[in-house]
Every structure is written in structure tokens, then in C-alpha cells.
Amino acid sequence: MHTLTESPAWQALESHRQTMALASIAQLFDAEPQRFAHFSLRVGGMLLDYSKNLVNQDTMHLLAELARARGLGTQMRQLFSGGKINVTEDRAVLHNALRGEQAVLVDGVDVMPQVRATLQRMQAFSDRVRDGRLGGHGGRYTDVVHIGIGGSHLGPMLATRALAPYTGGGPRVHFASNIDLAALQRTLAPLDAATTLVIVVSKTFTTSETLANARTVHDWLSRALGAAAERQLVAVTANTQHAAEFGVAAEQIFPFWDWVGGRYSLWSAVGLPVALAVGMDGFRQMLHGAHEMDEHFRNAAFEKNMPVVLALLGVWYNNFFGAAAHAVLPYDESLALLPAFLQQLDMESCGKSVCVDGTPVDGDTGMIIWGAAGTDAQHSFFQLLHQGTRLVPADFIAACQPHHTGEEHHAILMANFFAQTAALMNGAPNADNPHDRFPGNRPTNSLLLDRLTPHSLGQLLALYEHKVFVQSVIWGINAFDQPGVELGKKLAARILPELDNNEPVSGYDASTNGLIDFYKANRETQFRERGPQ
């Protein structure tokens with residue numbers, strides 16, 4: 001079998017790249033007046049315009065042929081049917097089942113009854129909290145503190161903030177993830193323990209940062225409420241025994257399963273804070289939006305398939321134009337956390353240097369994902385996008401209809417949204433002053449939503465999930481494990497006992513030994529000066 005870069009499909013693209021490198025996106029528009037119509041797609045209320053890319057019909061055909069040659073169709077069928085495509089952990093990957101309807105078998109067992117049962121439990125629980133039938137020691141819950149990290153944190157936090165216009169009187173939801181105690185103290189300071197519900201989310205219920213924060217919050221509740229603190233604890237986990245040992249009542253433990261990866265877990269009971277914030281109807285609408293994108297992904301031809309097209313463009317720039325980074329630029333303050341969410345989704349999934357068969361990858365894999373909300377981003381790093389020496393493809397995302405009534409504000413926002421992609425494409429290469437010259441020919445995708453709703457948010461997040469999966473198939477890597485996350489955690493567990501004494505350390509490299517010794521010396525000086533706390 002050919003390696004990736006030796007395959008005929010790859011070699012055809014390499015030859016084609018030499019032709020496209022001589023073209024410009026602006027010239028492609030001049031040659032094809034209907035280019036927007038030919039290079040745009042719609043799924044429901046979402047429009048993808050990818051016409052401002054350095055591609056033509058031949059490019060997209062060759063990229064689709066690469067996807068076929070890499071077995072994308074077979075891998076998609078495996079994904080949706082419960083095949084164990086997470087080969088390193090011997091697991092199925094079924095986040096799509098969490099928002100689906102059809103039976104899905106894992107080891108011969110249909111998982112959908114458990115999925116539906118958990119959704120019903122979430123419905124009952126969130127309804128009772130939101131209408132006040134279930135409250136804390138001090139009455140109706142006013143606040144929820146969600147404790148998790150990584151995928152169990154970023155997804156719910158993004159969705160809760162993105163859907164803030166839909167809260168309708170639900171409790172305020174706060175998120176704590178960083179082991180730095182200052183972050184947790186800042187979260188708890190304004191809250192009343194008697195009216196605060198605490199949700200601890202950990203798949204294994206052994207994640208050190210999450211458990212340390214959970215113990216601190218448990219102590220905070222216990223100091224205020226005594227034994228009544230237990231009734232204000234909720235757990236979302238695959239390890240129900242550990243959650244019960246922590247003190248969570250059985251009826252307040254919500255399960256999720258080993259076939260749900262952390263960064264794909266928003267659709268499970270991990271999304272409970274979203275249901276508490278916006279109501280279970282809103283959460284179900286988000287599931288329906290994601291399911292609509294799932295069905296589009298399953299059924300559309302590759303050339304007309306929105307996630308596939310985005311993934312193929314990513315491969316095009318990463319592997320054939322040397323682009324090492326990709327910017328995500330939401331022109332909607334509600335989506336300000338989307339770049340951080342996609343950093344984990346994409347970089348944890350595609351940041352691999354080993355193929356699924358254990359051999360080294362053949363070429364570059366994941367890109368660096370970064371970005372911020374426009375128009376703030378225009379006044380921070382857009383200078384690099386326009387005039388920097390590196391090629392940085394970018395996704396621009398906006399909603400046609402805002403939730404506010406400030407028509408003038410939204411018009412200014414959208415004018416900038418449209419202007420930036422045009423300026424990145426066209427540039428100003430002939431300006432008299434060399435400092436005012438912009439090369440242009442910078443590729444962008446534009447994603448326009450009718451309106452940011454629970455349904456369209458579900459579509460958007462599922463779109464990027466499938467994009468990441470397609471990229472991983474083409475590169476031959478496993479998108480669903482994260483061994484690199486574990487290495488540093490194991491070393492931290494080894495170092496932690498070393499910090500319990502004042503002795504010099506010698507078991508590490510000279511730099512790490514020196515840093516630990518410096519920390520110990522200065523820590524002790526600080527504690528002596530401040531005295532007991």
C-alpha cells in the first residue's frame with residue numbers, strides 16, 4: 001500500500017498545487033462570475049461560503065478523490081454504526097448517538113435506551129430546579145457551579161454563554177476548571193452556599209484538578225450547611241461508585257459512557273448545566289441541530305458535504321501550502337469561547353505524530369487553532385493576517401439576526417465581517433507606499449447563521465466535530481485518544497510528593513531539579529513571612 005504522500009491521489013494534488021500557486025483568488029473570481037454559487041453550501045439556516053479560497057473545481061475534485069482513496073466512506077459508516085474506530089483504546093465513538101434516534105449497537109447492545117433514559121432524567125431534574133420544586137438549604141437555586149476540566153468544561157461553558165439570551169429565568173451558571181485556587185475563590189466569593197448547586201463532572205472521577213476543586217467546594221458547602229451540603233452535590237461520571245464515595249446521592253449521579261470522549265461529551269449529561277441554564281427544550285433543540293448536521297454529513301456527496309469540504313480545505317493549506325495555523329474568528333460576542341473550544345477539539349484530536357497502525361505519520365497533521373471575537377481581534381492580531389509573512393487561513397462566523405435591538409451596532413459589526421474577508425482576498429498590492437501594501441490572496445471561509453439559536457449552535461459544533469474526524473482519516477491518525485495529555489499528568493503525580501518536604505531533589509533533569517529547589521526555598525520564605533493562613 002502506498003504511503004499517504006506517495007499515493008496517486010496525493011501526487012495528483014501536488015502537481016495541481018504547482019498550478020494553483022501561480023493563481024490568485026481574485027483572478028479566480030474574474031474568470032468565474034458564478035463562483036459564489038459554485039463554492040457555497042447550505043445546511044438548514046447555515047451558509048458556508050468557501051469561494052474565497054485558492055481552489056477551483058479541479059482542486060475540490062482532487063481533494064475529494066483523496067478522501068475516497070483514504071477510505072473516508074468506510075470510516076464514516078464505522079463511526080455511525082458503533083465500530084471501534086478508537087483503536088488505541090478499543091472503543092466505539094458514538095457522540096452522534098447522543099443526538100440520534102436510530103438503534104446503535106455496541107458489543108451487540110443497543111445504547112439508545114440508556115441515552116433516552118438519561119435525557120429523561122436530565123429533563124426531570126432541570127425542570128424541577130428551574131421551577132423551584134428542587135432547591136437547596138436556602139430555597140430556590142440561584143446559582144450553579146460546574147466543576148470539570150477539558151472537554152467536560154469547555155463545551156458546556158461555550159454553550160451556556162452562547163445561549164444566554166435563552167435562559168428565561170434559569171439559575172446563573174459558573175464554571176471552575178483551573179487548579180489555581182485563585183480562580184475558584186473568585187467564582188465562589190459572591191455566591192450563597194445555601195442556594196448554590198454544585199455539579200462535578202469527571203468521566204473517571206479521578207482527574208486530579210477536578211477532584212481537588214470538588215473537595216474545596218465540598219468543604220465550602222459543609223462549612224455553611226453541615227450535613228445538608230450533600231443534597232446540593234451532583235455528579236456526571238462513568239464511575240458512579242467513586243461519585244457515591246465522594247458523597248453524591250445516587251439519584252443525583254448522571255452517567256455517561258466510555259464511548260463518549262471528553263471533548264465530544266457536551267451532548268451527554270455533561271451538558272446538564274446547559275439544560276439548567278436554558279431549559280431542557282433548548283438542550284434538545286441543540287441536539288436536533290447537531291443531528292441535522294450528522295445526517296447531512298452521512299448522506300451528502302463529498303463535494304457537497306460541508307464538514308468534508310472544510311476538512312479538505314484544511315488539508316490543502318496544511319499539507320500543500322505549509323500553513324501551520326488556522327484562525328477562528330466569530331463576529332458574535334456570544335461565540336467568544338468558540339476558538340478555545342475548537343483548540344481542544346482539533347488540536348487534541350489531530351495533534352498526533354503516529355498513525356493508527358503505530359507507524360510515524362507521513363507529513364504534517366494538526367494545525368494550531370487560535371482566534372478571538374471580532375471586532376476586537378481586528379485591533380490585536382489582524383495585522384499579522386493581512387501583512388505577515390505566514391499564510392493563515394481563517395474561518396469567519398456571524399449571525400444575520402442578533403438578539404439585541406441595536407440595528408446600528410449590528411450593521412457596523414457585519415460591515416467589518418464582510419470587509420475583512422474581501423480585504424484579505426484582494427489586498428492592496430499596488431499602493432504607492434510600500435508600508436501600505438497588502439499582498440492579499442489570503443484564504444477565508446465565511447459561515448453565516450440565520451440566527452444563533454440552540455439549533456444552529458448544535459449544527460455549528462457538529463460541523464466542526466465532523467471536520468476534525470475527516471482530517472484524521474486522511475492523515476491516518478486516531479482522533480479520539482489523547483496520550484499526550486497523560487504524559488505530563490503522570491510526571492506531575494510523581495513530583496507532587498516531592499513538594500511535601502524541604503529536601504533538595506535529584507531525580508529529574510538539572511533544570512527540573514533546579515526549578516523545584518528554587519520553588520521550595522522561596523515558598524518557605526513566603527510562608528515564614530506571612531505566617532499561618
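This note goes through aromatic contacts, cysteines, helix packing and some backbone details of a predicted model.

1. Aromatic pairs. A search over the whole structure returns 19 aromatic pairs. One of them joins Trp-316 and Phe-320, with 5.6 Å from centre to centre and 40 degrees between the ring planes. The pair is classed as tilted, because planes under 30 degrees apart would count as stacked and planes over 60 as edge-to-face.

2. Setting of the Trp-316 and Phe-320 pair. Both residues belong to helix H13, which spans residues 306-320. They are 4 residues apart, or about one turn of that helix. Are Trp-316 and Phe-320 buried or exposed? Trp-316 is buried, and Phe-320 is buried as well.

3. Aromatic cluster. Ring pairs also connect a set of residues into a cluster. Its members are Tyr-331, Trp-370, Phe-381, Phe-382, Phe-396, Phe-417 and Phe-418. Phe-382 carries the number at which helix H15 (382-387) begins, and Trp-370 falls within the numbering of strand E13 (368-371).

4. Arginine over aromatic rings. Which rings have an arginine over the face? Arg-99 is placed over the face of Trp-267, 4.6 Å from the ring centre. Arg-121 is placed over the face of Phe-254, and here the distance to the ring centre is 4.4 Å. The number of Arg-121 falls within helix H6 (residues 112-131).

5. Cysteines. How many disulfides does the structure hold? The count is 0. For Cys-355, the nearest cysteine sulfur is that of Cys-350, at 12 Å. A disulfide needs sulfur atoms within 2.5 Å, so Cys-355 is in no disulfide. Cys-355 has a relative accessible area of 15% and is therefore buried, the cut-off being under 20%. Cys-400, with a relative accessible area of 42%, is partly exposed.

6. Helices H12 and H17. Helix H12 covers residues 280-299 and helix H17 covers residues 454-475. Their axes come within 7 Å and cross at roughly 40 degrees. Angles under 35 degrees would count as roughly parallel, and H12 and H17 are therefore oblique to each other. The handedness of this crossing is right-handed.

7. Helices H5 and H17. Helix H17 also packs with helix H5 (residues 72-81), at an angle of about 130 degrees and with the axes 10 Å apart. H5 is thereby oblique to H17, because the roughly perpendicular range runs from 65 to 115 degrees and roughly antiparallel requires over 145. The crossing of H5 and H17 is right-handed.

8. A residue of H17. Val-473 lies in helix H17. With a relative accessible area of 9%, Val-473 is buried. Val-473 and Cys-350 are 123 residues apart along the chain, while their C-alpha atoms are separated by 9.9 Å. Cys-350 is the residue named above as having the nearest cysteine sulfur to Cys-355.

9. Cis peptide. The peptide bond running from Gly-374 to Thr-375 is cis, and its omega is near 10 degrees. Where is Thr-375 found? Thr-375 sits in the loop that joins strand E13 (368-371) to helix H15 (382-387).

10. Positive phi at Asp-90. Asp-90 is not a glycine, yet its phi is positive, at about 55 degrees. The residue is part of the loop between H5 and strand E3 (105-106). Asp-90 counts as exposed because its relative accessibility is 51%, the limit being over 50%.

11. Positive phi at Asp-107. Asp-107 also has a positive phi, near 55 degrees, and is a residue other than glycine. Its place is the loop between E3 and strand E4 (109-110). The relative accessible area of Asp-107 is 63%, so the residue is exposed.

12. Pro-113. This proline is located in helix H6 (residues 112-131). Its relative accessibility is 44%, and Pro-113 therefore counts as partly exposed. Pro-113 and Ala-103 are 10 residues apart in sequence, with a C-alpha to C-alpha distance of 8.7 Å.

13. Ala-194. The loop between helix H8 (181-188) and strand E9 (196-201) contains Ala-194. Ala-194 has a relative accessibility of 12% and so counts as buried. In sequence Ala-194 and Gln-232 are 38 residues apart; in space their C-alpha atoms are 8.6 Å apart.

Notes:
Residues are numbered from 1 along each chain as its sequence is written. This is a predicted model: local features need pLDDT of at least 70, side-chain atom pairs count only at pLDDT 80 or more; totals for chains, interfaces and linings use all residues. Side-chain values use heavy atoms; hydrogens and water are left out. Rings of Phe, Tyr and Trp (its six-membered ring) pair if their centres lie within 6.5 Å; planes under 30 degrees apart count as stacked, over 60 as edge-to-face and the rest as tilted. Helices (H or I, at least four residues) and strands (E, at least two) are DSSP runs, numbered from the N terminus. Buried means under 20% relative accessible area, exposed over 50%, partly exposed in between (1.4 Å probe, protein chains only). A charge sits over a ring if NZ of Lys or CZ of Arg is within 6 Å of the ring centre and within 35 degrees of the ring normal. Axes are lines fitted to C-alpha atoms, for helices over the stretch in contact, and angles run from 0 to 180 degrees between N-to-C directions. A crossing is left-handed if the near helix is turned anticlockwise from the far one by less than a right angle, and right-handed if clockwise.
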